[in-house]
Amino acid sequence: MHYSDEFIRRNYAGCLVLFAILLGGTTKQGIWSDSLLYVLAIPAVIIGFSNLFENRLGGFARGFCIAIIVILVAQFLPIDIVKNLPEYQIPSDGSYFLTTVPSRSFNLIITSIVLLGFFLYLATLSGDSLQSLINFVFIGVALNALITVIQLSFDSKIVISGLLPYTIRMGTFQNENHFGSLSYLVIPFLAWRFLLMRWNPVLYAIAGLVLAGLQFAVGARAGMIISTSLFLFCFVWAITHKKPLAVKVIIFSVGVALVGYLFLTQESSSLIDTSSRDYYFLKSWDIATKNWLTGTGLGSFFSIWPIYEDTTNLGETYITHVHNDYIELFLETGISFFILVAIFIALIARNGLTNEFTQAAAISIFSIMIHSFVDFPLRTMAISMVFILSIAIILTKPEEVGGREKKKVKKRSRKVAG
């Protein structure tokens, strides 16, 4: 690939990530900001899918992508799922699909295709290009931090309406906790850049403490716990990175377990209390187990929940998500979701310790997966695009062409010398 071509493709991908961070701070569907991102991503999606079998992914990772496509397509197979749902209104024309909500499923499929296509596009870039894309993430986070500082400088909380198709409450995000998600996602990459690539603990401390401090300032409990834990954990990870692999695995496992324990035991939502959340979790799990084979369709929770909800638990708050992406996606897609999660974790665990850069990406991935137990941050384009970039960093194979050429040159030189 020509250098100028790689330069253009790399900066195009970086601009997509940056625009997503600045415009994709909500979980709403069908809004113009997300539609704009989809349009801008069309070239990446086309290039990505056209190179499905000619990129730097391994066979298992490529098969994982194909499995996702199969699940998405299956949403519109003529499978009569509505007969298992009490009081569900069957279409008057007698038509049906596996999904009970075709319009919402279609919107989510479009989003999934864009993200998957972008991932495949990233898999065509070089390793150096993937590293350079982190600079765009840094810029997006810095701009969000700057906007947040400006908002906090006023006596009263500043809420911005009319600029984007959603109300901006913190940074460019509608939700403070999702703003916190962006902040802690970048901390492992800060450690990689300022503690491993070049030893500059002062810059790491300044950047990390600013991001963690902003979470306390805005009252994002998820951001407080995960950002502070990751800041300390990544420092320990960085100063022990030359230890044997077994030691690094132990440190990484203990760190993930500690962050998960602190978060799951201390985090609470400002929207629903603990007892209500437990009820939503247990009831949603019960609905999911009743439809465990195929699920009720992508995006169907909003329509399915009222059918099963106990009238004695009705309150002022009407939930649109379970606040646990694992339960919600199990409810919507069935057992295939947990199969995909198991494969995904295996792929990340297998390739995540390849080098310091992939380790940073793995820490980011597992931190967002922990957060997804009590929230749905990946339903924002801002978080999902950075998440996709982290996955691409881990699952793309290192370039081998240069090494093979060097071996050939050495063999030729030996023959000449002989």
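Biologist: How many Å should the 15 residues of helix H16 span, and how far apart are its end C-alpha atoms?

Modeller: This is a predicted model. Start with the rise: 1.5 Å a residue. On that basis H16, residues 381-395, should span 21 Å. Its end C-alpha atoms are 21 Å apart, which agrees.

Biologist: Is H16 enclosed or open, and how many of its residues are buried?

Modeller: Count residues under 20% relative accessible area. In H16, 15 of the 15 residues are buried, so the helix is largely enclosed by the rest of the structure.

Biologist: What about the chain as a whole: what share is buried, and how many helices and strands are there?

Modeller: The chain has 418 residues, and buried ones make up 51% of them. It holds 17 helices and zero strands. Look at contact range too. Among contacts with a separation of 6 or more, 76% join residues 24 or more positions apart.

Biologist: Back to H16. At what angle does helix H7 cross it?

Modeller: Take the two axes. Those of H7 (residues 176-197) and H16 come within 10 Å and cross at roughly 25°. That makes H7 roughly parallel to H16. The crossing is left-handed.

Biologist: Which residues meet there?

Modeller: From H7, they are His178, Ser181, Leu182, Leu185 and Phe189. From H16, they are Ile383, Val386, Ser390 and Ile393.

Biologist: And helix H5: how does its axis cross that of H16, and is the crossing left-handed or right-handed?

Modeller: H5 covers residues 102-122, and its axis comes within 9 Å of that of H16. The angle is roughly 35°. H5 passes H16 in a right-handed crossing. On the H5 side, the contact is made by Thr111, Leu115, Phe118, Phe119 and Leu122. H16 contributes Met381, Ser384, Met385, Ile388, Leu389, Ile391, Ala392 and Leu395.

Biologist: Now a helix with a buried face. Which residues of H12 are buried, and where do they fall around its axis?

Modeller: First the general idea. An α-helix has 3.6 residues a turn, so residues three or four places apart point the same way. In H12, the buried residues are Phe301, Ile304, Trp305 and Tyr308. Seen down the axis, they fall within an arc of 105°, so they line one face of the helix.

Biologist: What is unusual about the phi of His323?

Modeller: Most residues other than glycine have a negative phi. His323 is not a glycine, yet its phi is positive, about 65°. The residue sits in the loop between H12 (301-308) and helix H13 (325-333). His323 is buried, at a relative accessible area of 9%.

Biologist: Another loop residue, Ser372: is it buried or exposed?

Modeller: Check its accessibility. At a relative accessible area of 2%, Ser372 is buried. Ser372 lies in the loop between helix H15 (356-371) and H16. Beyond residues up to four places away in sequence, Ser372 touches Asn324, Asp325, Tyr326, Pro377 and Leu378.

Biologist: One more, inside a helix. Where is Leu214, and what is it in contact with?

Modeller: Leu214 belongs to helix H8, residues 201-218. With 6% relative accessibility, Leu214 counts as buried. Set aside neighbours within four places in sequence. Leu214 is then in contact with Ala145, Thr148, Val149, Leu152 and Phe179.

Biologist: How far is Leu214 from Phe179, in sequence and in space?

Modeller: In sequence, the two are 35 residues apart. In space, their C-alpha atoms are 9.8 Å apart.

Key: Residues numbered from 1 in each chain as written. Predicted model: local features only at pLDDT ≥ 70, side-chain atom pairs only at ≥ 80, totals over all residues. Heavy atoms only, no water. Helix = DSSP H or I, 4+ residues; strand = E, 2+ residues; numbered from the N terminus. Expected span 1.5 Å × (residues − 1). Buried < 20%, exposed > 50% of the residue type's maximum accessible area, 1.4 Å probe, protein only. Arc of directions from axis to C-beta. Axes fitted to C-alpha atoms, helices over the stretch in contact; angles between N-to-C directions. Parallel < 35°, antiparallel > 145°, perpendicular 65-115°, else oblique. Left-handed = near helix turned anticlockwise from the far one by under 90°. Contact = heavy atoms within 4.5 Å.
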